[in-house]
Amino acid sequence: MSTIAHMDPSHDTSRYTVGWIAPLPLELTAAVGMLEDPTTMEVPDDDVLYHVGRIGSHFVVMVVCPRMGIEPAATALANMRRSFPNIKHILVVGIAGGMPCYGPDLQEQIVLGDVVVGVPQQGRGGVTHYEFGAWEGQNELTVKEHTLHPSAALLTAVNNLRSVHMQVTGSKIPRYLEELRRGLNERSRQAYEDPGAEYDHLFEDSYLHTDRGRFCQGLCDATRARLRKSRGERAERKSDQPHIHYGNIGSANAVVRSSVKRNELHARHNIICLEMEAAGVMSDYQGLVIRGVCDYADSHKNKKWQSYAAATAAAYAKELLLLLPAGEGSSTASSLPGERDGIRGDRWYVGRNQFHNSGAGFMNVTTGSGFHVNNNAAGNQYNMPFYGHPSVLPQWPKY
């Protein structure tokens, strides 16, 4: 059978239905490590380099933000959606500062490396832009709940995964973390290892870090901090087995390095972690925000846990996508009938291109990108702008 020269199918922008926002480079590294068949992709009229691949039956496109903040995240997503028009599921995956204790009587314990998933809670949509609203009365900001909640499909996948995690088989996060590390060089691999409970210090709220140019070790009084073993059994974790917390995520353009501010935001908005991008995405799109906890949003913030926290969040996102049905038009298993060459019925297929002989000397061409062209099959020319021109015309099926 004759073949037709065409572009690598992975560069067909129409097949990508999952958009993944990774705000920082270290978050992108963890994200790309979750992909099958990862590669990079440039799109005409878009000056951003995208990372693409598969997770199960989903084609996934990833982008890193140019800088931190709500507006850069919103711009990155807008560009992505313009270049990849069939995106229907949006994930924001990265790191955040966590509220160490929450829930009734503050019994629930968040430790470093745990994952927080933004889901609707107590009338909130899962993300609160706590700096958006109106200043009223005695110099008080009334926050306007303007962000959207995740889509029904994403929330259903979240609930399915919660059920799986309750079963004996448990989570696949440890497996995905190990697979990620195998794909990294030696220096990077160490950064994405679990630092260990002995490096998880929760300092007293009133005890401040005094020098931003120095780490806590050798500067801060370790007796003013609580390790996991002193926080009770709810703070205990085995290596590479983070707990998953579901609740409200706070988002704004300001980094929180204050336990006082952190506690205030929790009390006012029931926020259990804090980050800087989700509000820019969730103001217009029904995405899901997944964050690995890398610090306690206090003055003792440091970068030791950042890479590992990015990895746990990315591993959760992968596990979630594997429970999210691809739906029509988004599966790797030939959602377009031309995934495989051959003749079926009155259609002739090469790669992701479909040819239809109208029986009147004309053929219809449907490329993998969804571009339709009609040309005279009797001639030796037809337009396939995304895949080039064939050197030999195929033999059209007889009717």
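Angles between helix axes of 65 to 115 degrees count as roughly perpendicular, those under 35 as roughly parallel, those over 145 as roughly antiparallel, and the rest as oblique. With that in hand, the helices of this predicted model can be taken one pair at a time, starting with α3 and α8.

Helix α3 covers residues 152–166 and helix α8 covers residues 306–321; their axes come within 9 Å and cross at roughly 105°. That angle falls between 65 and 115 degrees, so α3 and α8 are roughly perpendicular to each other. On the α3 side, the contact is made by L154, A157, V158, L161 and H165, which meet Y316, E319 and L320 in α8. Sorted by class, the residues of this contact come out as six nonpolar, one polar and one charged.

Next comes α4, a helix of residues 173–182, whose axis comes within 9 Å of that of α8 and crosses it at roughly 120°. This pair is therefore oblique, and the crossing is right-handed. From α4, the residues involved are I173, Y176, L177, E179, L180 and R181, and they meet Y308, A311, T312, A315, Y316, K318 and E319 in α8. Eight residues of the contact are nonpolar, one is polar and four are charged. Y316 and E319 of α8 turn up here as well as in the contact with α3.

Helix α8 also packs against α1 (residues 25–32), at an angle of about 40° and with the axes 8 Å apart. Again the two helices are oblique to each other, because an angle of this kind is neither under 35 degrees nor in the 65 to 115 range. The crossing of α1 and α8 is right-handed. L26, E27, A30 and A31 are the α1 residues in the contact, facing Q306, S307, A310, A311 and A314 of α8. The class count here is six nonpolar, two polar and one charged. A311 of α8 thus takes part in the contact with α1 and in the one with α4.

Away from helix packing, there is the matter of pockets. The largest pocket holds about 560 Å³ of space. It is lined by 32 residues, of which V255, R257, D295, K301 and Q306 are the closest to its centre. Three strands each give two or more residues to the lining: β5 (89–98), β15 (271–275) and β16 (288–295). By class, the lining has 15 nonpolar, six polar and eleven charged residues. Q306 links the two parts of this account, as it lines the pocket and also belongs to the contact of α8 with α1.

Methods
Residues are numbered from 1 along each chain as its sequence is written. This is a predicted model: local features need pLDDT of at least 70, side-chain atom pairs count only at pLDDT 80 or more; totals for chains, interfaces and linings use all residues. Side-chain values use heavy atoms; hydrogens and water are left out. Axes are lines fitted to C-alpha atoms, for helices over the stretch in contact, and angles run from 0 to 180 degrees between N-to-C directions. Helices (H or I, at least four residues) and strands (E, at least two) are DSSP runs, numbered from the N terminus. Contact means heavy atoms within 4.5 Å. Ala, Val, Leu, Ile, Met, Phe, Trp, Tyr, Cys and Pro count as nonpolar, Asp, Glu, Lys and Arg as charged, and the others, Gly among them, as polar. On a 1 Å grid over the protein atoms alone, a cavity is a set of points where a 1.4 Å probe fits but cannot get out, and a pocket is an open set with protein on both sides within 12 Å along at least five of seven lines; lining residues have an atom within 4 Å of a point. Grid points are joined across faces, edges and corners, and a volume is the space filled by probe spheres set on the points. A crossing is left-handed if the near helix is turned anticlockwise from the far one by less than a right angle, and right-handed if clockwise.
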